[in-house]
Amino acid sequence: MDNPRLLEFENLIREMEASIAHLAIPDIFPWIMYLLPGSLTGRIFHLDLQKKTIHKFLNYFNGVRVFITLPQKEIEEHRATLDRDDPRDLIDGYLMMMEEKADDPNNTFSEKDLAILVLDLFLAGSETTTNTLTWLFYYLATYPEVQQKMQAEIDEVLPKGTLATLDNKLRMPYTEAVIHETLRKSSLAATGAQHVATRDTQLGGYYIPKGTIVMGAQETVHHDLRYWDRPDKFLPERWLDQQGKFTTKKEGFLPFGVGKRSCLGEALARMELFIFSTTVFQSLTFSQPPGKRIDLRYEPKVIFTHNPKIQDVLITVRPGF
Ligand code: HEM
């Protein structure tokens, strides 16, 4: 974390999130932009700030043109070493599709699209998982009894110093319960992504005309009394049956959205949350700093996602590590 370029990138992502937050109102009510003069909407919704942040972000890669050519360099390297019988990653797969579709007049594959796709995945995939893990750390620092139970399970299943694999999941129901309760309680992507109705339709008794922007209300669903007993409480036990087995709830739980456009990275995110949290709590204990309480309220500056506030946490090495 001492790497200045990494820190700069981290700050830029936070600035971008904060500037995007101002766009929440016109995103939900786009007609506002037509009612008010441009100079006013620009000021009210901080459009200048957003433009500035995007510019700064692109400059991070040494200028807008280089932003496109930097991933292109990566693409060139991939193309030069591509083994069609053994594609290594998304870039290899995309390049093969590009070749396959080269003669198709409706082809939409391009190097620019690939560069932006890689950036998109990086943005969608880094802050979401990082913030969810931060929530998990805050909850466990606040509820030491939950942390002790999770650590007891880790100690039982993973001999000291052994890293977890996905095969261990079945034997670690309490850890799974903690991860699911973190996803529910934090409701990080509180409204999911915006979608647009592509045709007039009916949903749940409501008429939704073509062009309507539709957003989820994930946080409300995650706190709905019809699905959850004492929804405001952080209770991993709600995910366990009487034998202590993990039970996946389907209804009332949609941290990754639903349907065709649900989170592309769900499997990766679930894997990261499991491997990272078991590794961390195997050797470390998180607690509230002396004389302070962890603030579990959302960061108010960010509107679209429920980010945790930046604050101190006391971390101690577990005996024997
Ligand atoms: C705990 C971590 C994560 C959470 C809570 C999360 C949540 C979400 C949600 C709620 C959506 C919108 C779904 C909808 O509107 O119905 C979404 C979309 C998306 N997520 Fe994630 N996500 C996480 C991690 C990741 C990771 C690791 C990646 C990729 C590496 C990723 C890539 C994407 C992409 C590409 C979309 C857009 C999908 C589309 O529009 O078709 N996410 N995510």
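How many nonpolar, polar and charged residues does the shell around the ligand have? By class, that shell has 11 nonpolar, 9 polar and 1 charged residues. Here Ala, Val, Leu, Ile, Met, Phe, Trp, Tyr, Cys and Pro count as nonpolar, Asp, Glu, Lys and Arg as charged, and the others, Gly among them, as polar.

Before you click around: this is a predicted model, where local features need pLDDT of at least 70 and side-chain atom pairs count only at pLDDT 80 or more, while totals for chains, interfaces and linings use all residues. Residues are numbered from 1 along each chain as its sequence is written, and side-chain values use heavy atoms, with hydrogens and water left out.

**Stop 1: the ligand.** Select the ligand and show what is near it (a heavy atom within 4 Å). You should find 21 residues around it, and T128, A193, H195, R261 and C263 are the closest.

**Stop 2: the iron.** Now pick C263. Its SG is the single protein donor to the ligand's iron atom, 2.3 Å away. Donors are N, O and S atoms within 2.8 Å of the metal (3.2 Å for Na, K and Ca); water is not among the atoms, so sites may look incomplete. C263 sits in the loop between α11 (218-222) and α12. Helices like these are DSSP runs of H or I with at least four residues, strands are E runs of at least two, and numbering starts at the N terminus.

**Stop 3: the ligand's oxygens.** Select R261: one of its polar side-chain atoms is 2.6 Å from a ligand oxygen. Try H195 next, where a polar side-chain atom lies 2.7 Å from an oxygen of the ligand. Two elements, α8 (111-142) and α12 (266-283), give two or more residues each to the shell. Colour α8, which supplies the largest share, 6 residues.

**Stop 4: two helices.** Show α9 (residues 144-157) with α12. Q147, M150, Q151 and I154 in α9 meet S277, T278, F281 and Q282 in α12, with contact meaning heavy atoms within 4.5 Å. This contact has 3 nonpolar, 5 polar and no charged residues.

Notes:
Polar contact = N/O pair within 3.5 Å; in protein donor to acceptor, adjacent residues only side chain to side chain.
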